[in-house]
Amino acid sequence: MTHSNTSLSAAINKSSLFKIMLLGSGVGLLIILFFITGAETEAHYPNHWKIRPIIITPISAAVGAGFAYVASKFLQQKGTNRIIAILLSIIPFIIAVHMGIVMGLGGTLWD
């Protein structure tokens, strides 16, 4: 009798997880660049205020994309349809990107 490994850690491919997190980071970077490239700031702002949002938002988006990947694999393993699992896992990604934007721009562009 052989036992099959049905754990979630066996279903997660580390290279796919890395690629998804890299893609999520790129999406976060594009979104934050959209907000800060045309921003008009007041004279009392420091010169390098854009560094904080450019660092925080892609990191938050990468974590959100990684969580979405794991959630998608978990939902698929529980027997959920693949399309429904992907749609349900997009919600945490959107929340993570939103939180990254808020954390990145809070205190810099948004006073």
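The largest pocket in this predicted model has a volume of about 290 Å³. Its lining is made up of 15 residues, and I20, A65, A68, Y69 and S89 are the ones closest to the pocket centre. Helix 2, helix 3 and helix 4 each give two or more residues to that lining. Helix 3 gives the most, with six residues. In chemical character, the lining divides into nine nonpolar, four polar and two charged residues.

Stepping back to the whole fold, the protein has four helices and zero strands, so you can read it along the sequence as α-α-α-α; that reading follows helix elements as DSSP runs numbered from the N terminus. Buried residues account for 27% of the 111 residues. The exposed surface comes to about 7,500 Å², with carbon and sulfur atoms supplying 69% of it. Contacts reach far along the chain too: among those between residues at least 6 apart in sequence, 79% join residues at least 24 apart.

Now for the interior. Nonpolar side chains tend to be buried together in soluble globular proteins. Here the largest nonpolar core has 11 residues, namely I32, I36, Y45, W49, A61, A65, A68, F93, V97, I101 and L105. Helix 2 (14–36), helix 3 (51–77) and helix 4 (82–105) each supply at least two residues of this core. The largest share, four residues, comes from helix 4. Two names may look familiar from the pocket: A65 and A68 are listed in the core, and they are also among the lining residues closest to the pocket centre.

Three buried residues are worth a visit, and the table sets them side by side.

| Residue | Place | Relative accessibility |
|---|---|---|
| T57 | helix 3 | 0% |
| G24 | helix 2 | 4% |
| Y45 | loop between helix 2 and helix 3 | 13% |

Start with G24 in helix 2. At 4% relative accessibility, G24 counts as buried because the cut-off is under 20%. Leaving aside neighbours within four places in sequence, G24 is in contact with A61, A62, A65 and F93. The pair G24 and A61 lies 37 residues apart in sequence, yet the C-alpha atoms are 5.3 Å apart in space.

Looking from the other side of that pair, A61 is a member of the largest nonpolar core. With neighbours within four places set aside, A61 is in contact with G24, S25, G28, F93 and V97. F93 therefore turns up in the contacts of both G24 and A61, and F93 and V97 are core members as well.T57 sits in helix 3. Which residues does T57 touch, not counting those up to four places away in sequence? They are G28, I32, G100 and I101. Of these, I32 and I101 belong to the largest nonpolar core, and G28 is also one of the contacts of A61. T57 counts as buried, at 0% relative accessibility.

Y45 takes us to the loop between helix 2 and helix 3. Y45 is buried, with a relative accessible area of 13%, and is itself part of the largest nonpolar core. The C-alpha atoms of Y45 and T108 are separated by 7.8 Å, although their positions lie 63 residues apart along the chain when counted as sequence separation.

Methods:
Residues numbered from 1 in each chain as written. Predicted model: local features only at pLDDT ≥ 70, side-chain atom pairs only at ≥ 80, totals over all residues. Heavy atoms only, no water. Core = buried A, V, L, I, M, F, W, Y, C linked by side-chain atoms within 4.5 Å. Buried < 20%, exposed > 50% of the residue type's maximum accessible area, 1.4 Å probe, protein only. Contact = heavy atoms within 4.5 Å. 1 Å grid on protein atoms, 1.4 Å probe; cavity = no way out; pocket = protein on both sides within 12 Å on 5 of 7 lines; lining within 4 Å. Points joined across faces, edges and corners; volume = space filled by probe spheres on them. Nonpolar A, V, L, I, M, F, W, Y, C, P; charged D, E, K, R; others polar. Areas by Shrake-Rupley, 256 points an atom, 1.4 Å probe, with all protein chains shown as cover.
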